[in-house]
Amino acid sequence: MVKTLFYDLETTGRIPYVHAIHEIGGCIDIDGEIVEKFTINMKPHPGARISKEALDVSGKTEEDINGYQNADKGAEELKRLLEKYVDPFNAKDRLYISGFNNLGFDDLFLSVFFSRFGLRWSSYFWAGGSLDVMALSAQYLKGIRRSKMPSFRLTRVAKTLGLEVDDDSAHNALHDAMLTRDIYRVCTGLEFEEIL
């Protein structure tokens, strides 16, 4: 049984130890089937910096994010969700974790978040189990990237692959995680789209 967390984060900035997560969205995929979709919103932990530019990207205001549950409650909610699908005491039961540029951004924030709230990364995710769909799609699209792709953002990659994109929902964590899963399925041949 292969279990994968496809996820995306929205944050208050770009530096994991300085800024905070305010939205985690994604889905749990078991053997290619989505068994649960989720969105967890939380206010920044005390002392976190908030960049207006980062909030503008996600279409949120400080008032919006400060109305969410406390970050420790968000951590508890995420822990409960993960433990529905993983036994943290069984070293043979773990999730792969997948996002778009997650190795360069999301995994760093989530790792700091786990540390801050006393969660152990290795209790939920396979060591070396981060699957970065940005890198995977770069390999898949290398033959057309120079000539046909003005950027390599998530929505541009999805559109190039012929996937349907709701531009109004971009930077909604659940939407972006689901789009990441769709890109993963095309690039791994689980779903084939003729694009070249």
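Let's start inside. Searching the whole structure turns up one cavity of 30 Å³ or more. Keep in mind that this is a predicted model.

How much space lies in the largest cavity? About 70 Å³. Its lining is made by 14 residues. Closest to the centre are Ala 20, Ile 21, His 45, Phe 113 and Arg 116. Which helix gives the most to this lining? That is α4, with four residues. By class, ten of the lining residues are nonpolar, two are polar and two are charged.

Now the largest pocket. Its volume is about 670 Å³. Around it sit 22 lining residues. Find Asp 8, Arg 14, Val 57, Phe 105 and His 171 on your screen: they lie nearest the pocket's centre. Several elements give two or more residues to this lining: β1 (3-11), α1 (52-58), α4 (102-116), α7 (154-160) and α8 (173-187). The largest share comes from β1, with four residues. And the classes? Nine nonpolar, six polar and seven charged residues make up the pocket lining.

Next, the nonpolar cores. The largest one holds 27 residues. Which of them touch the most other members? Leu 5, Ile 24, Leu 78, Leu 110, Phe 113 and Phe 114. At least two residues each come from β1, β2 (21-30), β3 (33-41), α3 (71-83), β4 (95-99) and α4. So β1 and α4 turn up again: both supply this core, and both help line the pocket.Take Leu 5 as an example. Setting aside neighbours within four places in sequence, Leu 5 is in contact with Cys 27, Ile 28, Phe 38, Leu 82, Leu 95, Tyr 96, Ile 97, Ser 98 and Phe 125. There is also another core, apart from the largest, with 16 residues. Ile 144, Leu 154, Val 157 and Leu 163 are among them.

Last topic: cysteines. A disulfide is a covalent bond between the sulfur atoms of two cysteines. How many disulfides does the count give? Zero. Look at Cys 27, which is in no disulfide. The nearest cysteine sulfur belongs to Cys 187. Why is there no bond between Cys 187 and Cys 27? Because their sulfurs are 16 Å apart, too far for a bond. The cut-off for a pair is 2.5 Å.

Are these two cysteines buried or exposed? Cys 27 counts as buried because its relative accessibility is 0%. Cys 187 counts as buried too, at 12%. The cut-off for buried is under 20%.

Terms used
Residues are numbered from 1 along each chain as its sequence is written. This is a predicted model: local features need pLDDT of at least 70, side-chain atom pairs count only at pLDDT 80 or more; totals for chains, interfaces and linings use all residues. Side-chain values use heavy atoms; hydrogens and water are left out. On a 1 Å grid over the protein atoms alone, a cavity is a set of points where a 1.4 Å probe fits but cannot get out, and a pocket is an open set with protein on both sides within 12 Å along at least five of seven lines; lining residues have an atom within 4 Å of a point. Grid points are joined across faces, edges and corners, and a volume is the space filled by probe spheres set on the points. Ala, Val, Leu, Ile, Met, Phe, Trp, Tyr, Cys and Pro count as nonpolar, Asp, Glu, Lys and Arg as charged, and the others, Gly among them, as polar. Buried means under 20% relative accessible area, exposed over 50%, partly exposed in between (1.4 Å probe, protein chains only). A nonpolar core is a set of buried Ala, Val, Leu, Ile, Met, Phe, Trp, Tyr and Cys residues joined through side-chain atoms within 4.5 Å. Contact means heavy atoms within 4.5 Å.
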